[in-house]
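Here is a short report for someone meeting this structure for the first time. Look over the sequence and the model, then read on.

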Amino acid sequence: MTENELNRFRTILTAKVAELERFTRHREGITVERSADQLDEIQAASQRALAVCNLDREFNQLRNARAALRRIEEGSFAVCQECDQDIHPKRLAAVPWARYCIRCQEIIDSNLEEIQAPSSDLSVAPPDDRRYYVQGTWGRASRAA
Ligand SMILES: [Zn+2]
């Protein structure tokens with residue numbers, strides 16, 4: 001990957017990080033509003049769940065985008081963290097923070113599905129603040145496998 005291409009990805013990722021930081025900061029106060037009306041409360045609860053879900057995804061993207069910027073500085077950007085092959089430029093254009101080539105990603109995704117099966121202890125709804133940790137564990141576990 002040329003210096004120019006790296007600079008382009010650095011710009012994309014820096015913008016993405018800034019955007020996500022703005023987003024996640026804005027959403028930090030997911031409020032718990034009590035309502036006398038039960039229907040309102042159900043609606044509010046599902047909106048909260050959706051907001052938490054979105055926030056979850058945004059935090060993940062933020063973490064991934066930051067990690068990708070770090071890899072640019074370290075010189076390991078665009079190299080699969082699993083098999084050391086170059087990640088295809090088309091894949092990077094679509095997912096600039098991709099850590100794995102498409103082949104390794106597919107293997108990891110299929111492992112994750114198995115680990116996330118309902119019978120697994122890990123999937124017993126962890127408290128919200130532990131979810132990232134649990135996801136991190138899955139990520140490491142699947143790489144070790
Ligand atoms: Zn790979």
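From the N terminus on, the elements run α-α-α-α-α. The chain has five helices and zero strands. Helices (H or I, at least four residues) and strands (E, at least two) are DSSP runs, numbered from the N terminus.

The model is predicted: local features need pLDDT of at least 70, side-chain atom pairs count only at pLDDT 80 or more, and totals for chains, interfaces and linings use all residues. Residue numbers start from 1 along each chain as its sequence is written.

Two helices pack with their axes 9 Å apart, at an angle of about 150°. Axes are lines fitted to C-alpha atoms, for helices over the stretch in contact, and angles run from 0 to 180 degrees between N-to-C directions. α1 and α2 are therefore roughly antiparallel (angles over 145 degrees).

| Helix | Residues |
|---|---|
| α1 | 3-26 |
| α2 | 38-74 |

Among the residues making this contact are Leu-13 and Phe-9 of α1, and Ala-65 and Leu-69 of α2. Residues are in contact if their C-beta atoms, placed from the backbone, lie within 7 Å.

Ile-87 touches Ala-78, Val-79, Cys-80, Leu-92, Ala-98 and Cys-101, not counting residues up to four places away in sequence.

Of the 145 residues of the chain, 11% count as buried (20 or more other C-beta atoms within 10 Å of a residue's own, placed from the backbone). Among contacts between residues at least 6 apart in sequence, 57% join residues at least 24 apart.

Key: Angles under 35 degrees count as roughly parallel, over 145 as roughly antiparallel, 65 to 115 as roughly perpendicular and the rest as oblique. Two residues are in contact if their C-beta atoms, placed from the backbone, lie within 7 Å. A residue is buried if 20 or more other C-beta atoms lie within 10 Å of its own, exposed if 12 or fewer, and partly exposed in between; C-beta atoms are placed from the backbone.
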